[in-house]
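Student: I should like a close look at one helix of this model and then a connected account of the strands and aromatic rings elsewhere in the chain. Please begin with the helix.

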Amino acid sequence: MKRILPEFEFTDEQLNTVNALAKECSLFPDTVKILYGRGLRDKESIQKFMHPSREHFISPFKMSGMREAVELITRARDEEWSVVVYGDYDADGVCAATIMGNVLKDFGIEPYICVPERRDGYGLSVALIDSIFDEYFPQLFITVDCGISCADEVEYLKELGAEVIVTDHHELPERIPDCICINPKFNDGYIYDNLCGAGVAFKVGCALNGENAYKYLDFAAIATVADSVPLTGENRDIVYEGLKLINDSPRECYSQFLSKAEGGVNSHTLAFSVAPKINAAGRMGDAKAALQLFSESNKSKIFELSAKLTEYNTERQKYCDELYLSAKEMIKNRGYVGNVILLCNESWNSGFVGIVAARIADEYSRPAILFVKNGNMLKGSARSVENVNIFEALKACSQYIEEFGGHSQAAGVNVSEDNFENLYAALESYISQNYSRGDFTPTIFINGTLKSGYSVKLAKELEMLEPCGVGNRRPMFEVELSAAPVKAVKAQSAHISVKSDKIELMYFGGSKFTAVLESSAPKRLIFEYNISTFRGKEYVKGFIRDVVYDNSAGEYAGEEIALSCIDTLGSGKAECNITEVSQEEIEKAMATDGGFGTVFIAFDYNTVKSYKNSGNFDMELFTPHAKSFASCILIAPQQGVDFSGYSNIYFLDNPEGLRYDSLDGKTVHICNGADIPDCVKALSCERETLLNIFSLVSANEGNLEGANSYEIAKYNALGYNKTQVLFALKVFEQLSLITFTDGKLKVTRGVKTNLNNSELYNLVQAK
């Protein structure tokens, strides 16, 4: 179950300070709470944050090595040296190389610009240096977004006769290259250390050309967002100013990647529409295509290159999806998920395992390391969850590792095949000893609870926190609801609108939550404010990001549970292997479950309460929402539920007559002697009752709301219990007395039939 926690908690004294600052800054206290909690504790810092600008840029000359670099580059220009700019194959490296190449051209130098391919590895290598010198003999070699860990390679460059300038932003190694090095991580007069590689290149441009370098802020903004560095401090100013350029006069070279969303391009657009295409080129082994795109001026070639990068991204998504499904299948076949997930496959592509590892870690709420086998060596990418430091875990188990590096949430790790299982066992042990179960519980941080109506002014004020991203997450709020009517945005759409008396809500892709939202179960909807404009008028909506309810939800949704139960009856038995087990055996299974791959199914909330170990599991209503197939208790599963990822399936009450296609071929355990649900027992099979309901349906044929029997019963009780109406309608369907055409009920008159021709009728009558 997900936890909902306030992002910050304040003492009374802090609240007094917040209120005073809000008054001083003419802002809402809710806004200042967010800023204060994120470290902005005075009027000056708050005003600076709320109004990002190039005016806040730090002098590049406060960065150590900058003056020396300018002097050397000036000498290279004046003496007409040959110059190479060497970047990296990701979006940051490509943007950094583009910026550095352009500012050098503006300064009077025509450099040779190159980036390696992923197969060449990160950073400099002797082989790559030799290939560059074979083609182009540089007197000055400038790195961007790499080089700070390449002391030996820098020495080799110097032996070949080149002067070297390293510009980088990565963590400082113990041994620094013996050359001019520019890196915000140095302990110098530069007060901001979170620039990306392109940000550092931009600062070099400012040192060389002053404000003339500002025209490349769009590339710096793209790279800053793509590299997931914090959107605070100077990065915030860079992205803000870069987005202004992109929205006012986007370059042809990336305009094909910009979505036409209302409100213009924002940091989200850069992160999900632009950056993936640039990164895809490197992942597909053609980083030079992205570099070429950013330097191209011919429109037809720009179109061709843009199409190529878009195709690369489509291929990348396909390969990632295939790798993801392969990884999921391995987890499912293992049938157990511990404190860490380690998987290996020689057919995987090393360029994609990091992306998929992040996806697996997010779904299973524990660290994941995916390896690609190459001979006897396994090359892996690790991703972790917020509360688990994977770098420290790997460090503690380093006796089994050939090489690793990274930070708390992500790392690269190489291990011999012989040590794979040893590493797995060591990580399991380390994490179990140093972290609790709560550290794996997904946490949603909110910034407030909507108790009554919202304020348009507050929503607009919160928009001023953009650009949002790493280090400056979009503020989230919650609203508490019980039954909430849901309406699809359009026919067959997965997007829904949710009615609330406090705020209009939208849930993109939220159709699977419809039954839960419309149920009486108390729930908490996590949302963010969004402002849209239509015909000159501004509207505020809440965009739902999650739905959370606790394990007592089934206590409040009796009618909805009963309807879901009746809706699954009478479709024939699933073609599965059924075994009977005792309640004691199910209790033991609950007590020893490993946390994944087991589902306990019930159609009556009271049945669940009779199991003493049921409190060990999250309760889900109607459909399991975790993609990880985390073990759970599932109340009244609807038709179409995917049970494929569950290796252990237990029915706590009698599911006779229920059919779920995804149970076919599986072994299903049913509690010996379990009774059928009370809602089924309560159904009347009296002929007179069914005739009366049929007469009512016939009389109201054109006025019944709903596209199927379930919806009609839910919205039209017709004077009877809704479950009785649903039962009758499903019997009528089986007897061909009613049909549904184009989402409308049609009564077939003049049909002579017998109730015993209905499988559902016979099933319930025999109860």
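Tutor: Helix H8 is mostly covered, for 13 of its 13 residues are buried. The structure is a predicted model. H8 comprises residues 197–209, and its 13 residues, at 1.5 Å a residue, should span 18 Å; the C-alpha atoms at its ends are 18 Å apart, so expectation and model agree. Immediately after H8 comes glycine 210, which adopts a positive phi of about 65 degrees.

From the helix we turn to an open sheet. Five strands make up this sheet in the order S3-S2-S4-S5-S6, and their pairing is parallel. Strand S3 (112–114) and strand S6 (180–182) occupy the edges; each has a single partner strand, so one side of each has no neighbour in the sheet. From one strand to the next, the twist averages 15 degrees. At the S6 edge, strand S5 (residues 163–167) runs parallel to S6 and is joined to S6 by three bridges. There, threonine 167 lies opposite isoleucine 182 of S6.

A second set of parallel strands is centred, for this account, on S22. Strand S20 (residues 598–602) is connected to S22 by four bridges, and the two run parallel. Within this pairing, isoleucine 601 is opposite leucine 634 of S22. S21 also pairs with S22 in the parallel sense, over four bridges, and here leucine 621 faces isoleucine 635 of S22. In a regular strand, side chains alternate between the two faces of the sheet. In S22, Cys632 and Leu634 point one way while Ile633 and Ile635 point the other way, and all are buried.

The loops on either side of S22 contribute an aromatic pair. The structure holds 24 aromatic pairs. Such a pair is described by the distance of the ring centres and the angle of the planes. For phenylalanine 508 and phenylalanine 543, the centres are 5.1 Å apart and the planes stand at 85 degrees, so this pair is edge-to-face. Phenylalanine 508 belongs to the loop between strand S16 (505–507) and helix H19 (514–518), whereas phenylalanine 543 belongs to strand S18 (residues 537–548); the pair therefore ties together parts that are 35 residues apart in sequence. Phenylalanine 508 is partly exposed, at 41% relative accessibility, but phenylalanine 543 is buried, with a relative accessible area of 15%.

The pair beside S22 is formed by phenylalanine 629 and tyrosine 646: their ring centres are 5.1 Å apart and their planes are at 85 degrees, so this pair is edge-to-face. Phenylalanine 629 is in the loop between strand S21 (618–621) and strand S22 (632–635), and tyrosine 646 is in the loop between S22 and strand S23 (648–651); the pair therefore ties together parts that are 17 residues apart in sequence. Phenylalanine 629 is buried at a relative accessible area of 16%, and tyrosine 646 is buried at 1%.

Rings also meet in a group and beneath charges. Phe8, Phe10 and Tyr36 are linked into a cluster by ring pairs. Over the ring of tyrosine 36 sits the charged end of arginine 41, 4.2 Å from the ring centre. Elsewhere, arginine 366 lies over the face of phenylalanine 440, at 4.9 Å from the centre of that ring.

Key. Residues numbered from 1 in each chain as written. Predicted model: local features only at pLDDT ≥ 70, side-chain atom pairs only at ≥ 80, totals over all residues. Heavy atoms only, no water. Pairing = 2+ DSSP bridges. Axes fitted to C-alpha atoms, helices over the stretch in contact; angles between N-to-C directions. Phe/Tyr/Trp six-rings, centres within 6.5 Å; stacked < 30°, edge-to-face > 60°. Buried < 20%, exposed > 50% of the residue type's maximum accessible area, 1.4 Å probe, protein only. Lys NZ or Arg CZ within 6 Å of the ring centre and 35° of its normal. Expected span 1.5 Å × (residues − 1).
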